[in-house]
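Trainee: I am new to this structure and would like a close look at a single part of it, the aromatic rings. Could you take me through them slowly, in one connected answer?

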Amino acid sequence: LVWLKDPDGVYLACNPRFERFFGAREADVIGRTDYDFVHWSLADFFRRNDLAAIHAGRAVSNEEELVFADDGHREWVETIKTPMFDAGGQLLGVLGVARNISDTKRTEASLRRSNRALQTLGQCSQVLARATEEASLLHQICRVLVEFGAYRTAWVGYRELDEPCSVSLTAGFGAGMDYVRGLRLSWADDEGGRGPTGRAIRSGLPVRCRHILTDPEFERWREPALRAGYRSSCALPLLGLDGQCFGALNVYSPDEDAFDEVELQLLRDLAND
């Protein structure tokens, strides 16, 4: 994205990619300010960075997440703002250039999550080594997942063999446990069993919900889950020595799309242990 503003923040020019960000043609952007196109808090942020470049008398950079008005997609960008002067040293305005760094930000976030998951797995291994009683073990594992893994909630549900194939809460820890206690889950292939927990128990495979806000399989539980602060989740089957699934370990994150392949495999290893 490339744009030019005068010293008062009024747009003088922009390129087609910037037009996509504002969702407006250059002709409609020129002569107006950020306050005409974005929320005032974001416009204030843009203006502070313009003034920082002006006062520094040199290029300054910052990172920011932008939502493009033309299609609603998000991008992390690194923005460089440079004060522009004429031959006599008079300030003409501020030139802005922003490049997409979304892939870099995703990689950094993935590495942070993987490192955190490894540390959490190490803590859980200590709990497993010291365990002498099942209920305490399950509670401590859930606690470590929340306190060290920075997940919002972790809980274990066991399948019941009686009708209607219900799932009973066995252990749990973290914010939002009222949401978990209010669940009426089944591991049968019915309306109550088509969420992540029921599918994980039936299939014996991990089930991810990357975006609780939009996942159609989560519709039945969406509103209370969002109120509890959940944005993504995964359900990991618990398998006995005979290979049969007897329950699931459920982990909820406050972040969207929190469970990439590496993190999921680490959590799967924990569930297997």
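Mentor: Rings of Phe, Tyr and Trp, the last taken by its six-membered ring, count as a pair if their centres lie within 6.5 Å. Please keep in mind throughout that this is a predicted model. By that criterion the structure holds 16 aromatic pairs, and two of them are worth following in detail.

Let us begin with tyrosine 11 and phenylalanine 22, whose ring centres are 5.6 Å apart and whose planes stand at 80°; planes over 60 degrees apart count as edge-to-face, so this pair is edge-to-face. The pair links distant parts of the chain, with tyrosine 11 placed in strand β2 (residues 11–14) and phenylalanine 22 in helix α1 (residues 16–22), 11 residues apart. Tyrosine 11 and phenylalanine 22 are both buried.

The other pair is formed by phenylalanine 18 and phenylalanine 21, with ring centres 5.7 Å apart and planes at 80°, so that this pair, too, is edge-to-face. Here both partners belong to helix α1, where they are 3 residues apart, which is about one turn of the helix. With buried meaning under 20% relative accessible area, phenylalanine 18 counts as buried because its relative accessibility is 2%, and phenylalanine 21 is likewise buried, since its relative accessible area is 4%.

These four residues are also members of one aromatic cluster, which is formed by Trp3, Tyr11, Phe18, Phe21, Phe22, Phe37, Phe45, Phe46 and Phe68. When you look for the cluster in the structure, you may start from helix α1, which holds both phenylalanine 18 and phenylalanine 21, and then turn to tyrosine 11 in strand β2.

Aromatic rings can be examined for charged neighbours as well. Lysine 105 lies over the face of tryptophan 76, at 4.5 Å from the ring centre, while arginine 159 lies over the face of tryptophan 187, at 5.0 Å from the ring centre. Tryptophan 76 can be followed one step further, to glutamate 65, which touches Arg74, Glu75 and Trp76 when residues up to four places away in sequence are not counted. Glutamate 65 is found in strand β3 (residues 60–67), and because its relative accessibility is 36%, glutamate 65 counts as partly exposed.

Notes:
Residues numbered from 1 in each chain as written. Predicted model: local features only at pLDDT ≥ 70, side-chain atom pairs only at ≥ 80, totals over all residues. Heavy atoms only, no water. Phe/Tyr/Trp six-rings, centres within 6.5 Å; stacked < 30°, edge-to-face > 60°. Helix = DSSP H or I, 4+ residues; strand = E, 2+ residues; numbered from the N terminus. Buried < 20%, exposed > 50% of the residue type's maximum accessible area, 1.4 Å probe, protein only. Lys NZ or Arg CZ within 6 Å of the ring centre and 35° of its normal. Contact = heavy atoms within 4.5 Å.
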